[in-house]
Amino acid sequence: MQLNKEQQKAVLHVDGPLLILAGAGSGKTRVLTNRIARLISECNVSPWNILAITFTNKAADEMRERIDDLVGLGSESIWVATFHSTCVRILRRFIDRIGYDTNFSIYDADDQKNVMKEIIKRRKIDTKMYKERFFLNVISSAKDELISPEAFREQAGEDFIRKMQADIYEEYQKTLQKSNALDFDDLIFLCVKLLKQDKEVRDYYQDRFRYISVDEYQDTNTAQFELVRLLAGKYKNLCVVGDDDQSIYKFRGANIKNILNFEKHYPNATVIKLEQNYRSTQNILDAANAVISHNMGRKEKHLWTDQEAGEKIGFYQFDTAYEEAEHIAYEISSLVRRNEFTYGECAILYRTNAQSRLLEEKLVSANIPYKIIGGINFYSRKEIKDILAYLKTIENGQDDLAVRRIINVPKRGIGATTVGRIQEFADEQGMSFFDACRQIELIPTIKKAAEKIRDFANFILVCRTQLAEGGIEAMTKYLLDATGYIDDLRAEHDEEADARIENIEELLNKITDYEETAENPTLTEFLDEVSLVADIDNLEEGQDYVALMTLHSAKGLEFANVYISGMEDGLFPSFMTITADDESEMEEERRLAYVGITRAKKRLTLTCAKTRMTRGEMQYNKVSRFLAEIPKKLLTGNGRQEDALPLYQQANRGFAQARKSFRSEDVYGVARTKSSKAPSNAPKAKNIGNAGAAGKPDYKEGDRVRHPKFGEGTVTSMVLGGRDYEVTVDFDDFGTKKMFAQFAKMTRI
DNA sequence: GTTAGAAACAATCCT
DNA sequence: TGTTTCTAAC
């Protein structure tokens, strides 16, 4: 495919700041990659001097691949990375210049919460009034805005609450520093601090990165803006790509002004608009344009396509969310059967992760292969976090949180009281928790547990030797063996434990894979990679399954056939948005709708339900107001736009209070009953996509089996059809179901 | 110190 | 409804 005029103009631009306003589906990645390739082949730029920043690893990998294809030899020295991994790489080299150790740990949301919990306990703050989340949010937005604890205190003045927040921010930051740990926001914040403070480091990177590109620029926050400004400070060969209409990350500090005011920040900037859409049909594009046109204060764009109108947009309304999910599953099933789409071409999008459950259930019973992107990250599962805490302890003994997590896992008879005493001693002496463990005989209050603690500390030291001698994989295997972690799980003999074992094996695979592919594998680097994976990174292309994800995760992706479910006022736009007295929040929500609609290439279906269970409560929602914004002639299906709040009433804020909400008992007059005893909270072992290798199932006709969703049942028939067994099971609580063995995660009992 | 069962609480969206 | 925290009993 040829580049169009505007695309060419962007590709040919070499020196000076460049802003590319790229509408949805306008081929921005092509432009970015082609421009970089040309810099090298035509303009004599060394690959070593090029930096390309993205937001997700997936985007980075994709860009890397495409650049590799274009550039060939030498492309490996181009620095293509996410904001966070870029900062980690810089900090791993130079952070010792600002008071941390270069083998710092990275704390995830869970770790942050634990740190905050302790601070709150120590300060005897009433958790009813102030929750951990509240303070963490305050701290996070402060860091996004590059406000240090000191600056925060200054700004607080005499305000009581602000002063309390300042105290907590300061203590939180001290705790992290003492553990030699950085949270996600620190990665950017401290990198900016380093570059600002240290001229030598700044000069080094400014000189190295002569050509910088930033993708999804509309999502940058103040800290990221500053980082880019510092890096590009010398040569100012900065190319940013973005679309203000797709700015959907205000809640994590994204500042839309970064893109809107680019020309002010970089006065001689060239601006290029990419307005031809190569992705969607005219109808889809018309709907997207109609919705987004209700926003004020955007950069005017005229997205157009030379594709034909295509199918109308489906709009379906159901009585319950149950039926909604059923319909989607049924439709996908028949479209695939008629060879109109493959599973891999279909995606189901929703506003909140919680909506995935129902959809999942219906896809399972319709035998549709699927993969849920997001929800619980693989690396935040209990068993994985345990093992990683061991690895972190081995890597960085100062990481108190990691040490305390595993000191009694598996059970070593070291309880909360003992841990408390060690911590107390460590605090008094100003040493780390692990160092206190190593000198346990100095702690007078500990007698009985002393030996156990000594054993634990010695064990960690042995692991360190193992690591040095045999590498990560060998050491981890030794560790699992010596602690009996897997044996303990195996002894539990239930499917939940089995799933955990599988997850650990998966982790081992990742370690092996890492050690085989990395140039110079180190435990630190492995832990970095693990800490920085996003859910969306797990979506593999070319796999034949339906993708389920939130609208946020879907940004940057495209699918031939897209469903947006839960198009209801109160869900999408969210209840929070409707009740907030801030029109800009509604605009952000509308941009999210725009992002969702523009994901579709050929076929788009919007669905909603009149009733929906949320947190055990029955909710009655109107049709989403965004549906009222789509011209009627573009729609087909049983949905009634009239059931949405009419446009002229949408400015009226009073109605939110009138929303009705009953407890389910009140509606049906029945108490809630316990359903089947199948543990629905069992960790989902592996997602369907990986299950392909499964051979013959270990059950046969007449066997009793257990299914994660449907509980126990009896196998009534098993037929080999196509490439997999078709199993029919008579479930005790759910009746008879027919499914493919490969996708039904059933075990014999 | 450990465990199970009950009570309390909670969800936007993400690197 | 699903998950975390609290409490009591071993």
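Ser213 is tucked away in this predicted model: with a relative accessible area of just 2%, this serine counts as buried. Its home is strand E6, a short run covering residues 211-214. Setting aside neighbours within four places in sequence, Ser213 is in contact with Leu32, Arg35, Ile36, Leu51, Ala52, Ile53 and Cys239.

Leu238 gives a view of the nonpolar interior. Its contacts, again leaving out residues up to four places away in sequence, take in Gly16, Pro17 and Leu18, then Ile212, Val214, Val228 and Ala232, and finally Phe262 and Tyr266. Leu238 is one of the residues with the most contacts inside the largest nonpolar core, along with Leu91, Leu187 and Tyr205, and that core has 69 residues. Helix H9 (residues 184-197) gives the most to this core, eight residues in total. Apart from it lies another core, this one of 53 residues, and Phe456, Ile511, Ala518 and Phe526 are among them.

Lys299 is a charged side chain that ends up inside. Its relative accessible area is 16%, and because buried means under 20%, Lys299 falls in the buried class. The residue sits in the loop that runs between helix H14 (282-292) and strand E9 (313-320). There the side chain of Lys299 makes a polar contact of 2.9 Å with the side chain of Glu263. Glu263 is also on the list of residues that Lys299 touches, beyond four places in sequence, together with Leu19, Leu21, Asp244, Ile259 and Leu260.

Glu505 is another story. This residue belongs to helix H23, which spans residues 495-517. Its relative accessibility comes to 38%, so Glu505 is classed as partly exposed, the range between 20% and 50%. Computed along the chain, so to speak, Leu479 is 26 residues from Glu505, and the two C-alpha atoms are 13 Å apart in space.Next comes DNA strand B. Around this strand are 26 residues, and the closest are Lys131, Arg351, Asn353, Ala354 and Thr418. Sugar or phosphate accounts for 52% of the strand B atoms within 4 Å of the protein, and bases make up the rest. Individual polar atom pairs fall on each of these parts. On the phosphate side, a backbone N or O atom of Asn353 is 2.6 Å from a phosphate oxygen of DNA strand B. A polar backbone atom of Phe55 lies 3.3 Å from a sugar or linking oxygen of DNA strand B. For the bases, an N or O atom in the side chain of His84 comes within 3.1 Å of a base oxygen of DNA strand B. Helix H19 (416-429) and helix H25 (551-554) are the elements that give two or more residues to the surface near DNA strand B. By residue type, that surface divides into twelve polar, seven nonpolar and seven charged residues.

As for the overall fold, chain A has 29 helices and 22 strands. Its radius of gyration is 27 Å, close to the 27 Å that the globule rule gives for 749 residues, so chain A is as compact as a globular protein of that length. Along the principal axes, the C-alpha atoms fill a box of roughly 80 × 75 × 60 Å. Buried residues make up 54% of the 749 in chain A. Of the contacts in chain A between residues at least 6 apart in sequence, 73% join residues at least 24 apart.

Conventions: Residues numbered from 1 in each chain as written. Chains lettered and ligands numbered in written order. Predicted model: local features only at pLDDT ≥ 70, side-chain atom pairs only at ≥ 80, totals over all residues. Heavy atoms only, no water. Near = heavy atom within 4 Å. Polar contact = N/O pair within 3.5 Å; in protein donor to acceptor, adjacent residues only side chain to side chain. Helix = DSSP H or I, 4+ residues; strand = E, 2+ residues; numbered from the N terminus. Nonpolar A, V, L, I, M, F, W, Y, C, P; charged D, E, K, R; others polar. Core = buried A, V, L, I, M, F, W, Y, C linked by side-chain atoms within 4.5 Å. Buried < 20%, exposed > 50% of the residue type's maximum accessible area, 1.4 Å probe, protein only. Contact = heavy atoms within 4.5 Å. Rg over C-alpha atoms; globule rule 2.2 N^0.38 Å.
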